[in-house]
Amino acid sequence: MQSRYFAAKNVFIDSVDVEDYIQLGSSVSAYEQLLHSIEKPLKMILVFGRPGTGKSIILNQLYQNQKYKKDIHYFEAPSASDREFFHKLFKIITMSELPQNTEINFSILIDYCKSLRGSREIIILLDESQLYSGELMERIRLLADTRVIKFVISLHKTDNEELIAKEHFQTRIWEVIELKNGSIEDVKNYIHKKLLKKNLFEIANTIRHGHIKTLYKLTKGNYREINKLLYTIFELYEYYDKNEPLKINYADFSKRIIEMAGIKLGHIHV
Ligand SMILES: Nc1ncnc2c1ncn2[C@@H]1O[C@H](COP(=O)(O)OP(=O)(O)OP(=O)(O)O)[C@@H](O)[C@H]1O
Ligand SMILES: [Mg+2]
């Protein structure tokens, strides 16, 4: 029989699935700001934050909730080439397929967009924008200037973030939405809700405030780090459950296993 820790471990595989969206303090305020922003006459909206703060899941959530209400489209990651990107965009703008082997004339596309002013408002959600080339971002800017397409640009916050902002958007009207790591309360909700969703009540109940405090300290409230840590913890639990069950106190979450996982991931140095 599969150890129940196997199921617990799999809860924390890092993936973006809107079905699993949880209303966490950090994400709710960013989401509401985003919802508000797309109603404003902005050309560009920037969503930024460190890796693992929940940018992709928020963009997905927005897309799912708005797709029947608005002309909204989600671009998960940059296309293989700029050409492919424009083909995808062409299809959205003109609502028709471009014949194969046809090149897009960018200035005609811009003119076409201008002709749609007042009749359509397209929203494009661009995730992982740090991977788009400068040249492409420049063209995105020009498309945004037509005011027919609004772009939501999601960007990793890195050390050269200012550089990216300066290069591409300096003169553009835009709003900035920042995603931060979760608070202790968010971490608690995140872990408990994820486990409860899979009916792992008993395990969730053993994780108490003291444990959450330690988990928060180790991960600083970064959801990706929480996933990694919890995955490793339950991997260790799974091992003991199968091989040395006498070493587990099933009624209490193990501080020692948290520590072992922390060491394994390099959060704790010995
Ligand atoms: N509000 C939330 N509800 C449920 N899961 C969340 C939430 N926020 C973050 N997560 C989870 O945390 C992990 C990291 O989130 P996500 O991938 O959205 O981060 P990101 O900011 O897009 O990171 P990157 O910059 O590396 O792309 C994912 O597994 C995601 O499902
Ligand atoms: Mg992402």
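This short talk walks through the domains, the ligand site and two helix pairs of a predicted model.

Hi everyone, thanks for having me. Let's start with the overall layout. The domain assignment splits the protein chain into domain 1, residues 4-16 plus 182-264, and domain 2, residues 25-179. Taken over C-alpha atoms, the centres of domain 1 and domain 2 are 36 Å apart.

How do the two domains touch? Nine residues of domain 1 are in contact with 10 residues of domain 2. On the domain 1 side, α8 (184-197) and α11 each supply at least two residues. The biggest contribution to that side comes from α11, with three residues. If you like to think in chemistry, the side of domain 1 that touches domain 2 has two nonpolar, three polar and four charged residues.

Now to the ligand. Where does ligand 1 lie relative to the two domains? Domain 1 and domain 2 both give residues to the shell around ligand 1, so the ligand lies between them. There are 20 residues around ligand 1, and those that come nearest are Pro51, Gly54, Lys55, Ser56 and Tyr223. Two elements give two or more residues to this shell, namely α3 (55-66) and α11 (223-243). By class, the shell around ligand 1 has seven nonpolar, nine polar and four charged residues.

You'll have noticed α11 again, so let's stay with that helix. α11 packs against α12, residues 255-264, at an angle of about 120 degrees, and their axes are 9 Å apart. Why do we call this pair oblique? An angle of 65 to 115 degrees would count as roughly perpendicular and one over 145 as roughly antiparallel, so about 120 degrees makes α11 oblique to α12. The crossing of α11 past α12 is right-handed. On the α11 side, the contact uses Leu229, Thr232, Ile233, Leu236 and Tyr237, and these meet Ile257, Ile258, Met260, Ala261 and Lys264 in α12. That contact has eight nonpolar residues, one polar and one charged.

Last, a second helix pair. α4 (residues 82-94) and α5 (residues 106-115) pack at about 25 degrees, with their axes 11 Å apart. Angles under 35 degrees count as roughly parallel, and α4 and α5 are therefore roughly parallel to each other. Here the crossing of α4 past α5 is left-handed. Phe90, Ile93 and Thr94 of α4 make the contact with Leu109, Tyr112 and Cys113 of α5. Five of the residues in this contact of α4 with α5 are nonpolar, one is polar and none is charged.

Thanks for listening!

Methods. Residues numbered from 1 in each chain as written. Chains lettered and ligands numbered in written order. Predicted model: local features only at pLDDT ≥ 70, side-chain atom pairs only at ≥ 80, totals over all residues. Near = placed C-beta within 6 Å. Helix = DSSP H or I, 4+ residues; strand = E, 2+ residues; numbered from the N terminus. Nonpolar A, V, L, I, M, F, W, Y, C, P; charged D, E, K, R; others polar. Domains from an automatic or database assignment. Axes fitted to C-alpha atoms, helices over the stretch in contact; angles between N-to-C directions. Left-handed = near helix turned anticlockwise from the far one by under 90°. Contact = placed C-beta atoms within 7 Å.
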